[in-house]
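Colleague: Please give me a close look at one strand of this model and at what surrounds it. I would like the pairing first, then the empty space, then anything unusual in the backbone.

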Amino acid sequence: MASKLRQPGVFGQLSWDTYTLILLGFPDRPGSSRDQVLATLDSAALRLLSALPSLAGQVVNRGRTSTNSGIYEIVPYPPHENKSPVRRKDCTEICPSYEDILKADAPFSMLDGDILCPMKGMGFAYGLETELPVFIVQANFVKGGLLLCVACMHNALDMNGQGTVLRLFAAAGRGEELDPTILAVENLDADTIIPLLGPDEAPASHDDMIRPSMLTASPSPAGRPKESPWNYWRFTADSVAKLKKAGSSGSDWVSTNDALTAFLVQRVTAVRVASGRLAANEEVHLHRAVDSRSVLNPPVPNGYLGHLVCIADSGWSAAQQLCDSSFADLAVKVRKSLGQVDDYFVRSLATLIKNTEDRTTLFYAAKFNPAADFLCSSWAQLHWLSQCDFGPGLGTVDFVRRARLPGVPNLSYIMPKNHKGDMHIAASMFTEDFVDLVNDKQWREFAELVG
């Protein structure tokens, strides 16, 4: 009898229709060939798919009509049944050498997503006619190394779930036993893992997620979108420590993520106001992705792979107010906004999603204003990747990146610490904001442009 496949769960019913993508850089190892590297990857992937059958499936949408967004399901995907999902690609003639990439600190300009990624990521939505495998690995061989892209379908996994998959993938590559406590979570019922509100519980307000239906939306008018290129900014271990200390000098402790996020938001807003692109009295919002596993009561185990991200909103009634705030006060406000996402909030949102027929009317930061607002996510929880051994022929990772994909204005990712303790922010910005930030003395005191 075929194993029952884990389903996307309530949050996986939002219309993501895209992929989470992560790129890992490995140097060539002495005495190891590409065939040996692929043998390690294939063996690890097959063990992983055998242990977690849903990863071998595909996401489909069934029952969509003009008024109903349908149901997302994970079903078998024949091309990955008992077959490795690892795809080999020779990029030696179309990509820079590994040495050059490493020397430049792996900038976006050297990591072309159209070449290195098997699927497209945030900012792109696939149509229902496209096959959407849950898990794909693309092994991109460049001169002197490997750029390994791991792609997971966003309705099936969030980046926290993908981190769990990467941890198991590395263990399988090393030939170790896969953690049975994590594997056991795969058998939990994703549709009931979040308790819905009871009949006597009033729902929270989720007005900021309401948008017009996408089921009958007219195509966007043709026109060239405003440029919003991606760039990496490096914060050395010393700069990270200084920012965190400055952020924690107020009434409350703040995390490194809080400090980096607050710094980005304050400096970008400041250069916008100074240039006149943003009115001093304009409202500003920071929409910050939050892993909701730990806030539920009881908590959802960390090994849960499905989508379980909510958004915490920090708002300022006037941009000038944000600019004038002390950095410590700002960082504390950013920190405290996480408290919005509690057990009640997550269950309320799950209830709304469950009871909405057309779920294309629900989306995070639906009222996002790209001229003023920010959407920030963090991969910093994947800090262990810099020390992780992926098995024979691969070894440890030199860098963790997101490849260059189409811009999503004011979307940023905090990347995990590298071997030195440095951290990077990947940010898609309008060209004017980027240029002004390059010339902002306060920003450049801590941030170094990688590109």
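**Strand 10 and its surroundings**

Modeller: Three bridges join strand 8 to strand 10, and the two run parallel. The model is a predicted one, and what follows should be read as a description of that prediction. Within this pair, His287 stands opposite Leu375 of strand 10. On the other side of the strand order, four bridges join strand 10 (residues 374–378) to strand 12 (residues 411–414), again in a parallel arrangement. Two of the facing pairs can be named here: Ser377 is opposite Tyr413 of strand 12, and Ser378 is opposite Ile414 of strand 12. In general, the strands of a sheet pair through backbone hydrogen bonds, either parallel or antiparallel.

These pairs belong to an open sheet of seven strands in the order 9-8-10-12-13-7-14, with mixed pairing. Its edges are strand 9 (309–316) and strand 14 (448–449), each of which pairs on one side only. Strand 10 is therefore not at an edge: strand 8 and strand 12 stand next to it in the order. Close to one end of that order, helix 9 (residues 327–336) lies across strand 8 (284–291) and strand 9, and it runs at about 145 degrees to strand 9.

The two faces of strand 10 differ in cover. Phe374, Cys376 and Ser378 make up the covered face, while Leu375 and Ser377 make up the uncovered one. The residues paired above thus come from both faces: Ser378, opposite Ile414, is on the covered face, and Ser377, opposite Tyr413, is on the uncovered face.

Phe374 also leads to the empty space. As a general point, rolling a probe the size of a water molecule over the atoms shows where empty space is left. The structure holds two cavities of 30 Å³ or more, and the largest has a volume of about 50 Å³. Phe374 is in its lining, together with Leu264, Val268, Arg272, Asn410, Leu411, Ser412, Ala427, Ser428 and Met429. Helix 7 (256–275), strand 12 and strand 13 (423–428) each supply at least two of the lining residues. Helix 7 gives the most, with three residues. By class, the lining has six nonpolar, three polar and one charged residues.

Asn410, one of the residues lining the largest cavity, sits in the loop between strand 11 and strand 12. Its phi is near 70 degrees, a positive value in a residue other than glycine. Because its relative accessibility is 5%, where the cut-off is under 20%, Asn410 counts as buried.

The second largest cavity holds about 50 Å³ of space. Ser386, Val397, Asp398, Phe399, Val400, Arg401, Pro416, Lys417, Asn418 and His419 line it. These residues divide into four nonpolar, three polar and three charged. Phe399, Val400 and Arg401 of that lining fall in strand 11, which leads to the other sheet.

That sheet is open too, with five strands in the order 4-5-6-1-11 and mixed pairing. Strand 4 (86–90) and strand 11 (399–401) are its edges, each pairing on one side only. Neighbouring strands here are turned by 20 degrees against each other on average, with direction ignored. Helix 4 (residues 159–173) packs on this sheet and touches strand 1 (19–27), strand 5 and strand 6; its direction makes about 35 degrees with that of strand 1. Strand 5 (residues 135–142) and strand 6 (residues 145–153) run antiparallel and are joined by eight bridges. In one of these, Asn140 has Leu147 of strand 6 as its partner.

Two further backbone features remain. A cis peptide bond joins Asn297 and Pro298, with omega about 0 degrees. Pro298 is placed in the loop between strand 8 and strand 9, so this loop follows the strand that pairs with strand 10. Ala106, in the loop between helix 2 (98–103) and helix 3 (113–116), has a positive phi of about 50 degrees although it is not a glycine. With a relative accessibility of 1%, Ala106 counts as buried.

Technical notes:
Residues are numbered from 1 along each chain as its sequence is written. This is a predicted model: local features need pLDDT of at least 70, side-chain atom pairs count only at pLDDT 80 or more; totals for chains, interfaces and linings use all residues. Side-chain values use heavy atoms; hydrogens and water are left out. Contact means heavy atoms within 4.5 Å. Axes are lines fitted to C-alpha atoms, for helices over the stretch in contact, and angles run from 0 to 180 degrees between N-to-C directions. On a 1 Å grid over the protein atoms alone, a cavity is a set of points where a 1.4 Å probe fits but cannot get out, and a pocket is an open set with protein on both sides within 12 Å along at least five of seven lines; lining residues have an atom within 4 Å of a point. Grid points are joined across faces, edges and corners, and a volume is the space filled by probe spheres set on the points. Ala, Val, Leu, Ile, Met, Phe, Trp, Tyr, Cys and Pro count as nonpolar, Asp, Glu, Lys and Arg as charged, and the others, Gly among them, as polar. Buried means under 20% relative accessible area, exposed over 50%, partly exposed in between (1.4 Å probe, protein chains only).
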